[in-house]
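Work through the exercises below with the sequence and the model at hand, and try each task before you read its solution.

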Amino acid sequence: MFYIFLAIGMILLLSLAYAAASGAPWVPTKKADLERIHNLLKLKNGEKFVELGCGNGRVCRHVATKNPGVDVKGVELSLLQYLVAVGQAVATRSRARYRFGNVFSHKLGEYDAIYMFLMPETYEKIEPKLKAELRPGTRVLSYVWPIPGWEPETVSKKEGQLDLYLYKI
Ligand SMILES: C[S@@+](CC[C@H](N)C(=O)[O-])C[C@H]1O[C@@H](n2cnc3c(N)ncnc32)[C@H](O)[C@@H]1O
C-alpha cells in the first residue's frame with residue numbers, strides 16, 4: 001500500500017514539475033483581482049471562455065458564477081492542479097469544466113475570450129498559436145505580463161494589485 005501511495009505522489013509531483021517547466025509554475029491569481037478580471041472580460045450569454053493553465057480553477061469558478069450563460073473551461077497540465085480544480089468544482093457545484101492537457105495542443109478557435117497567467121517566455125512561445133487560431137473579436141486577458149509585440153486595448157492597473165492586459169484580435 002505504501003508503494004502505491006508513493007507512486008501516486010511521485011506521479012503528481014512529476015506532473016507538477018513538468019507543467020512548471022512547460023509554461024509556468026503554479027501561482028494563483030489573487031482573489032482580490034477576480035472581480036477586475038470579470039469586469040474586463042465583459043462576457044455575454046452564449047460565449048465560450050477558456051483559461052490556459054487554470055491551476056486550481058479559481059478564476060474559472062469565479063467566471064462561471066458571475067456569468068451563468070457562459071461556457072467556462074480550464075486547461076491544465078499538472079495532474080495535481082487538475083484534480084484539485086475538478087474536486088473544487090464538485091464541492092462548490094461550479095459549472096466550470098476542466099481539461100487535463102497541454103495548452104499548446106488545445107485548439108483555440110472556438111473561444112470568445114481567453115485568460116492566461118503564464119510566464120513571459122511562454123507568452124512569446126504561444127503568441128504565434130494565438131495569432132493563427134483566434135477569431136477576429138476574441139478577447140485575450142493576460143495577468144502580470146503583456147504579450148510581446150501586441151498592443152493592449154486596455155491596461156488595468158490598481159494600487160497594490162497586479163496589472164492586467166486586455167487585447168482584442
Ligand atoms: C501561474 S499559474 C496560474 C494558475 C491560474 N491560471 C491562476 O491564475 O490562478 C500557471 C498554471 O499553468 C499551468 N501550466 C503551465 N504550463 C502549462 C501547459 N503547457 N499547459 C497547461 N497548463 C500549463 C501550471 O501547472 C499552473 O497551474
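**Exercise 1: a residue of the core**

Cys-60 touches Glu-51, Cys-54, Val-72, Gly-74 and Ala-96, leaving aside residues up to four places away in sequence, where a contact means that the two C-beta atoms, placed from the backbone, lie within 7 Å. The model is predicted, so local features need pLDDT of at least 70 and side-chain atom pairs count only at pLDDT 80 or more, while totals for chains, interfaces and linings use all residues. Numbering starts from 1 along each chain as its sequence is written.

Task: state which residues touch the most other members of the largest nonpolar core.

Solution. A nonpolar core is a set of buried Ala, Val, Leu, Ile, Met, Phe, Trp, Tyr and Cys residues joined through C-beta atoms within 7 Å; buried is 20 or more other C-beta atoms within 10 Å, exposed 12 or fewer, and partly exposed in between. Among its 33 residues, Phe-49, Leu-52, Cys-60, Val-63, Val-72, Ile-114 and Leu-141 touch the most other members. The elements that each supply at least two residues of this core include helix 3 (58-66) and strand 2 (71-76); helices (H or I, at least four residues) and strands (E, at least two) are DSSP runs, numbered from the N terminus.

**Exercise 2: Lys-168 and its strand**

Task: is Lys-168 buried, partly exposed or exposed?

Solution. First, locate Lys-168 in strand 7. Strand 7 runs antiparallel to strand 5, to which five bridges join it (pairing needs at least two DSSP bridges), and Arg-139 stands opposite Lys-168. Next, list the contacts of Lys-168, which are Gly-137, Arg-139 and Glu-153, again without residues up to four places away in sequence. Finally, Lys-168 is partly exposed because 14 other C-beta atoms lie within 10 Å.
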